[in-house]
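Work through the exercises below with the model open. Each task is followed by a solution in steps.

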Amino acid sequence: MIKIKPILTVTMNPSVDIVYQLDSLELDTTNRVNYVYKTAGGKGLNVSRVLHQLCVPVLATGMVGGVLGEFITRQLDEICMPHNFLSISSPTRNCIAILHDGKQTEILEPGPTLTKAEYTNFIQYFSNLLLETQIVCISGSLAKGVPNTYYIDLIKLCRQNNIPCLLDCSNEALLNVLNSSVKPTLIKPNLMELSRVVQQSFTDNLERELVHVLNQPLFSGIEWIIVSLGSDGAIAKHNDIFYRVEIPSIDVINPVGSGDATIAGLAYGLAKQLTDEEILIFGNVCGMLNAQENETGKINIKKLPNLREQIRVIKIN
């Protein structure tokens, strides 16, 4: 029997994600929470949970420390999620999302400061894990103390081992990767993140402008670029072909982690060697399914077929 290699998810700055649901948020007074959800968090772990629900072999890695790090590994054990983290001396962080008045307010702790020995050791740790990996998903911010060029080193190892790498990060960490000679297989910036990277705002002629921007040398060498447009779907580029992804309107309960669920769906599609259209549909449907749940990184598989049929992928001429 052939053993299927897992998808490796990397979370360099994990957290315990706390979601508070309120009818409304009032400042400078006491607010009582209706519902509280605490999950092993960080973007890569959200990706892991969705892949796990899709019954795809997955292995979560990164660095954890302290009591909150123990909470993360214990919760992953409870759902039988395979993981292999490197322990660090500083404690893992909390991240709080307050859902109120139809809005989302986030309070994010900075997290641990890693020593040079810790982030250097992880390079070898990661290299060893690649020996039994089919696809890598690197998600989220870097912990303090880690050079903003660090993802380049991880992507380089993926390239040397001929392993596709999906990168979901922003700001300087993303820009450094784009300016390097080592490119990931896929990136998924939202419109705001892309605007910061290219230092350009976008107008109503969005489709035309995105086609122009994504054809710039900055993005050369990246096989897949998916620009998330929120409720307006996405614009995607696979090699030299552009697509517009149209999605139906849905009742959003908790949008936290929807981008991560999208990455999970895209990784699933690549692992299954689906067509371009099917990959884009599967990625978007997973993001939408996450938004319809209270818990972060959770999807209802039973709703997948019906929602999948409502997504349209149109090739842009």
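**Exercise 1: Salt bridges**

Lys43 is partly exposed, with a relative accessible area of 30%. The model is a predicted one.

Task: find the salt-bridge partner of Lys43 in strand β9, and say which parts of the chain the pair ties together.

Step 1. Recall the principle. Side chains of opposite charge can pair when their charged atoms come close.

Step 2. Apply the cut-off: a side-chain nitrogen of Lys or Arg within 4 Å of a carboxyl oxygen of Asp or Glu. The side chains of Lys43 and Asp168 meet at 3.4 Å, N to O, in a salt bridge.

Step 3. Place the two residues. Lys43 lies in helix α1 (residues 43–53) and Asp168 in strand β9, so the pair ties together parts that are 125 residues apart in sequence.

Step 4. Check accessibility. Buried means under 20% relative accessible area. Asp168 has 4% relative accessibility, so Asp168 counts as buried. Lys43, at 30%, is partly exposed.

Step 5. Look for a network. Salt bridges link Lys43, Asp168 and Asp260.

**Exercise 2: A pair between helix and strand**

Task: which residue forms a salt bridge with Arg244, and how far apart are the closest N and O atoms?

Step 1. Identify the partner. Glu207 forms a salt bridge with Arg244, and their closest N and O atoms are 2.7 Å apart.

Step 2. Assign the elements. Arg244 lies in strand β13 (residues 241–246) and Glu207 in helix α7 (residues 206–214), so this pair ties together parts that are 37 residues apart in sequence.

Step 3. Compare with the accessibility classes. Arg244 has 26% relative accessibility and counts as partly exposed. Glu207 has a relative accessible area of 30% and is also partly exposed.

Step 4. Examine another pair. Lys298 forms a salt bridge with Glu295, with the closest N and O atoms 3.7 Å apart. Lys298 is partly exposed at 33%. Glu295 counts as partly exposed, at 33% relative accessibility.

Step 5. Take the count. It comes to five salt bridges.

**Exercise 3: Two helices in contact**

Task: describe how α6 and α7 cross, then sort their contact residues by class.

Step 1. Take the axes. Those of helix α6 (residues 191–198) and α7 come within 12 Å and cross at roughly 50 degrees.

Step 2. Classify the angle. Under 35 degrees would count as roughly parallel, and 65 to 115 as roughly perpendicular. The crossing is therefore oblique.

Step 3. Give the hand. α6 passes α7 in a left-handed crossing.

Step 4. List the contact residues. From α6 come Leu191, Leu194 and Val198. From α7 come Leu206, Leu210, Val213 and Leu214.

Step 5. Sort them. The contact of α6 with α7 has seven nonpolar residues, no polar ones and no charged ones.

**Exercise 4: Positive phi**

Task: where does Asn162 lie, and is Asn162 buried or exposed? Then treat Asn171 in the same way.

Step 1. Read the angle at Asn162. Phi is near 55 degrees, a positive value in a residue other than glycine.

Step 2. Place Asn162. It lies in the loop between α4 (150–160) and β9 (165–168).

Step 3. Assess its accessibility. Asn162 has a relative accessible area of 71% and is exposed.

Step 4. Turn to Asn171. Asn171 is not a glycine, yet has a positive phi of about 55 degrees. Asn171 is found in helix α5 (residues 171–178). With 40% relative accessibility, Asn171 counts as partly exposed.

Technical notes:
Residues are numbered from 1 along each chain as its sequence is written. This is a predicted model: local features need pLDDT of at least 70, side-chain atom pairs count only at pLDDT 80 or more; totals for chains, interfaces and linings use all residues. Side-chain values use heavy atoms; hydrogens and water are left out. Helices (H or I, at least four residues) and strands (E, at least two) are DSSP runs, numbered from the N terminus. Buried means under 20% relative accessible area, exposed over 50%, partly exposed in between (1.4 Å probe, protein chains only). Axes are lines fitted to C-alpha atoms, for helices over the stretch in contact, and angles run from 0 to 180 degrees between N-to-C directions. Angles under 35 degrees count as roughly parallel, over 145 as roughly antiparallel, 65 to 115 as roughly perpendicular and the rest as oblique. A crossing is left-handed if the near helix is turned anticlockwise from the far one by less than a right angle, and right-handed if clockwise. Contact means heavy atoms within 4.5 Å. Ala, Val, Leu, Ile, Met, Phe, Trp, Tyr, Cys and Pro count as nonpolar, Asp, Glu, Lys and Arg as charged, and the others, Gly among them, as polar.
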